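Biologist: I'm used to gels and assays, not coordinates. Could you walk me through how to read a few features of a model?

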Amino acid sequence: HENTGLQSQPPPEQQNYGATAAHVRQGPFVSVSGNGPAKRDYLVAAVLFYANLINFMDWFLVPGILLDIQKYFKLSDGDTGLLQTVFILCYMLAAPIFGYLGDRYNRKIILGAGIFFWSGVTLGSSFISESYYWIFFLSRGLVGIGTASYSTIAPTIIADLFEEGKRTTMLSIFYIFIPVGSGLGYVLAAGMAEVTGDWHWAFRITPCMGGLALVLLILLVPHRIQRRTAAHRALSISGTIRVAAEKPGVQRTAKTTWCQDVISLAKNWSFVWSSLGLTAMAFVTGALGMWVPLFLYRAQVVQGIVSPCLQESCSSSNSLIFGGITIGTGILGVIAGAEAARRLRKINNKADPLICATSMFISALCLYVALMVAETNILSTFIFIAFGELFLSVNWAVVTDILLYVVTPRRQSTAIALQILVSHLLGDAGSPYLIGIVSNAIQAKNAHSFQWSFWSMQYSFIVCAFVGVFGGGFFLLTSFYIEEDRKEAER
């Protein structure tokens with residue numbers, strides 16, 4: 001399987017976060033339009049791209065104004081980390097349900113209901129008073145459920161609209177809106193808090209954008225979109241396995257149960273080790289996405305660059321800068337990773353896992369250096385965080401491609417579903433909370449001060465650097481098995 005460009009990939013922090021298209025090489029797709037995609041198909045895709053942008057902007061509003069929220073609700077670091085954990089757990093658990101519904105009922109209605117639901121909950125959360133912090137936690141969980149309804153179904157519509165070559169390109173564009181939306185979430189939240197002096201306004205803009213997306217969905221997306229023949233598509237929808245209905249005359253492969261497929265995948269060491277590598281990536285990106293702006297603020301307080309934010313609305317400049325870094329490094333990393341894999345695979349059959357391992361080791365080193373220099377030099381910290389994020393982003397496309405050629409086509413849906421579940425469950429679902437409770441534990445053992453407030457987060461963040469090294473090791477182990485597993489999958 002030659003990678004000729006960007007592959008569609010799960011998000012981080014989804015990674016992470018959503019659905020991944022798996023390409024089955026059993027024959028050509030049945031064209032929906034007959035003569036290639038029509039202009040209307042591109043309009044539908046554009047609407048879905050726009051909604052995906054808002055989806056991930058909403059996801060990262062909270063990290064963009066984390067200091068304000070923590071101060072307003074009087075939350076400890078552990079409780080603050082739990083905000084993102086609640087969101088991702090609800091997202092992860094709801095995704096298979098919506099995948100099941102999307103296979104059986106009208107997808108346009110489910111999409112519209114999801115956009116309306118998460119926009120309404122986000123708007124409502126901007127009116128919660130400080131004494132009802134538990135309702136704010138509940139609202140983030142409900143937003144996660146609404147987000148799942150969109151992320152699990154939208155990629156299937158794109159996959160049904162376009163044939164093989166076009167589909168890969170359109171899905172790649174769809175997934176590139178994940179880092180763009182994530183970064184814009186920081187920028188929007190921080191910008192609105194800065195302009196209005198009230199962080200609540202950050203939660204009142206994306207619902208308006210969601211309302212526009214809902215209108216466009218109603219006007220431009222057909223009520224029913226013809227589904228492509230399932231024999232030619234295996235699409236994982238965060239845990240929902242599509243069963244292919246074979247065409248007449250196509251040789252049927254032996255049917256296996258779900259348990260047999262899982263047992264077979266557990267013996268596929270390339271799949272196992274690369275999935276653990278992806279989980280390490282998700283762990284690091286989840287923690288960084290939640291805590292970096294707050295960590296930078298504490299570093300600046302220790303250096304005397306900014307005064308402690310006690311009463312007034314806090315400066316959001318760190319979130320603005322970090323949002324810009326996330327957008328730039330996300331796009332550049334995805335493109336660079338796909339291109340590096342395409343070129344190096346021609347000279348080394350183990351290129352993909354070696355690229356992933358190398359980038360994880362470099363990323364872990366950059367993040368460690370960023371943590372160490374934060375107390376003395378903020379500019380250097382930003383630079384090393386940017387390089388750390390860049391090398392993390394390199395891997396998303398490549399990891400997906402590894403799975404697609406080491407797993408036999410009839411098990412790819414199950415494989416991707418398991419990979420998504422494990423990477424969220426052991427990765428970004430728990431890492432924000434873990435960093436928070438470690439920071440809490442360190443602060444509890446020492447005198448309360450701004451210095452220890454910074455050190456506690458610095459020490460807890462070091463966990464991410466070590467997890468990054470473990471991730472690199474998992475990808476190195478993948479390289480020992482990848483040639484054999486690839487041949488086995490081809491057989």
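Biologist: Let's start with V215. Is V215 buried, partly exposed or exposed?

Modeller: This is a predicted model, so keep in mind that everything here is computed from it. Buried means under 20% relative accessible area and exposed means over 50%, with partly exposed in between. V215 has 43% relative accessibility, so it counts as partly exposed. You'll find V215 in helix α9, residues 206-220.

Biologist: And how far is V215 from G112 in space?

Modeller: Their C-alpha atoms are separated by 9.0 Å, while along the chain the two residues are 103 apart.

Biologist: Can we try the same reading on A338? Where does A338 sit?

Modeller: A338 belongs to helix α12, which covers residues 317-344. Its relative accessible area is 3%, so A338 is buried. In sequence A338 and V394 are 56 residues apart, yet C-alpha to C-alpha they are 7.6 Å apart.

Biologist: What about S125, and which residues is S125 in contact with, leaving aside its neighbours within four places in sequence?

Modeller: S125 is part of helix α5, residues 107-125. With 2% relative accessibility, S125 counts as buried. Its contacts, once those sequence neighbours are set aside, are F136, S139 and F203.

Biologist: On to rings. How many aromatic pairs does a search of the whole structure find?

Modeller: The search finds 23 aromatic pairs. One of them is W59 with F60, a stacked pair with 6.1 Å centre to centre and 15° between the planes. W59 is buried, at a relative accessible area of 0%, and F60 is buried too, at 6%.

Biologist: Why is the pair F295 and F454 called stacked?

Modeller: Planes under 30 degrees apart count as stacked. For F295 and F454 the planes are at 20° and the ring centres 5.4 Å apart, so that pair is stacked. The pair links distant parts of the chain: F295 is in helix α11 (residues 269-303) and F454 in helix α18 (residues 450-490), 159 residues apart. Both F295 and F454 are buried.

Biologist: Which residues do ring pairs link into a cluster?

Modeller: The cluster takes in F56, W59, F60, F87, Y91, Y186 and F322.

Biologist: I've also heard of charges over rings. Over which rings does the charged end of R204 sit?

Modeller: One is the ring of F127, with the charged end of R204 4.5 Å from its centre. Another is the ring of W201, where the distance to the centre is 4.7 Å.

Biologist: Last topic: helix packing. What do people use to describe two packed helices?

Modeller: They give the angle between the axes and the distance between the axes. Take α11 and α18: their axes are 8 Å apart and they pack at an angle of about 160°. Angles over 145 degrees count as roughly antiparallel, and α11 and α18 are therefore roughly antiparallel to each other. Their crossing is left-handed.

Biologist: And how do α11 and α13 run, roughly parallel or roughly antiparallel to each other?

Modeller: The axes of α11 and helix α13 (residues 351-373) come within 13 Å and cross at roughly 20°. Under 35 degrees counts as roughly parallel, so α11 and α13 are roughly parallel to each other. The crossing of α11 and α13 is left-handed.

Biologist: Which residues of α11 and α13 meet?

Modeller: From α11 there are A280, M281, V284, L288 and F295, and they meet M360, L367 and L371 in α13.

How values were computed. Residues numbered from 1 in each chain as written. Predicted model: local features only at pLDDT ≥ 70, side-chain atom pairs only at ≥ 80, totals over all residues. Heavy atoms only, no water. Phe/Tyr/Trp six-rings, centres within 6.5 Å; stacked < 30°, edge-to-face > 60°. Buried < 20%, exposed > 50% of the residue type's maximum accessible area, 1.4 Å probe, protein only. Helix = DSSP H or I, 4+ residues; strand = E, 2+ residues; numbered from the N terminus. Lys NZ or Arg CZ within 6 Å of the ring centre and 35° of its normal. Axes fitted to C-alpha atoms, helices over the stretch in contact; angles between N-to-C directions. Parallel < 35°, antiparallel > 145°, perpendicular 65-115°, else oblique. Left-handed = near helix turned anticlockwise from the far one by under 90°. Contact = heavy atoms within 4.5 Å.
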